[in-house]
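Welcome! Take a moment to look over the model below, and then we can walk through it together.

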Amino acid sequence: MHQSSGVRSPRALTLSRPVSWFLLGFGIWSWFIWITFVKNLWNDGSGLAFDDAGDPTAYFWVHLLLAVASFVLGTAIGVIGFRGLRALRSTHGE
């Protein structure tokens, strides 16, 4: 009888082509949306992002943090999609 040590051998996870393209597209979309959002936030003239003295408000800092976190996550998701497409290309090329 064979007894398992509880350690699995690593297996490569392969994403499908549509999923890889979706993830890459999401990453690109995140770059476009969140960079545009931060530009608009920085140029806000409504009084929400900056007070009368020109200092950033809590609204500015919260939304900047939200944008940076979303940008970083979108970038990571896009990288996963790109690597998925690259892996598919290399497996079909063999």
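## Getting oriented

Helices here are DSSP runs of H or I with at least four residues, numbered from the N terminus. With that in hand, we can place a residue to start from: W31 is in helix α1. Please keep in mind that this is a predicted model.

The protein chain has 2 helices and 0 strands. Of its 94 residues, 20% are buried. The accessible surface of the chain comes to about 7600 Å², and carbon and sulfur atoms account for 67% of that area. Among the contacts in the chain with a separation of 6 or more, 65% are between residues 24 or more positions apart.

## Helix α1

Helix α1 covers residues 17-42. Its 26 residues reach 38 Å from the first C-alpha to the last, close to the 38 Å expected at 1.5 Å a residue. Several residues of α1 are buried: S20, L23, L24, G27, S30, W34 and L41.

Back to W31, which counts as partly exposed because its relative accessibility is 43%, between the limits of 20% and 50%. Where does W31 meet residues from farther along the chain? Leaving aside neighbours within four places in sequence, W31 is in contact with F71 and T75. The C-alpha atoms of W31 and F71 are 6.3 Å apart in space, although the two residues are 40 apart in sequence. With T75, the side chain of W31 makes a polar contact of 2.9 Å.

## Helix α2 and its partners

Helix α2 is made up of residues 58-93, and S70 is found in it. Is S70 buried or exposed? S70 counts as buried because its relative accessibility is 19%, and the cut-off is under 20%. Beyond residues up to four places away in sequence, S70 touches S30 and W34. Both of these partners are in the buried set of α1.

H63 also belongs to α2. Not counting residues up to four places away in sequence, H63 touches F37 and L41. The C-alpha atoms of H63 and F37 are separated by 9.1 Å, with their positions 26 residues apart along the chain. Another α2 residue is F82, which counts as partly exposed at 44% relative accessibility. F82 and G27 are 55 residues apart in sequence, and their C-alpha atoms are 9.4 Å apart in space.

## The loop between the helices

T57 is found in the loop between α1 and α2. T57 counts as buried because its relative accessibility is 18%, where the cut-off is under 20%. Setting aside neighbours within four places in sequence, T57 is in contact with L48, A49, F50 and D51.

## Aromatic rings

How many aromatic pairs does a search of the whole structure find? The search finds 7. One of them joins W29 and F32 in a tilted arrangement, with 6.1 Å from centre to centre and 40° between the planes. W29 and F32 are separated by about one helical turn because they are 3 residues apart in helix α1. An α-helix has 3.6 residues a turn, so residues three or four places apart point the same way. Both W29 and F32 are exposed.

Ring pairs also link W42, F50, F60 and W61 into a cluster. F50 has appeared before in this tour, as one of the contacts of T57.

Definitions and conventions:
Residues are numbered from 1 along each chain as its sequence is written. This is a predicted model: local features need pLDDT of at least 70, side-chain atom pairs count only at pLDDT 80 or more; totals for chains, interfaces and linings use all residues. Side-chain values use heavy atoms; hydrogens and water are left out. Buried means under 20% relative accessible area, exposed over 50%, partly exposed in between (1.4 Å probe, protein chains only). Contact means heavy atoms within 4.5 Å. Accessible areas come from the Shrake-Rupley method with a 1.4 Å probe; for residues, only the protein chains shown count as cover. Rings of Phe, Tyr and Trp (its six-membered ring) pair if their centres lie within 6.5 Å; planes under 30 degrees apart count as stacked, over 60 as edge-to-face and the rest as tilted. The expected span of a helix is 1.5 Å times one less than its number of residues. A polar contact is a pair of N or O atoms within 3.5 Å; within protein, one must be able to donate a hydrogen and the other to accept it, and residues adjacent in sequence count only if both atoms are side-chain atoms.
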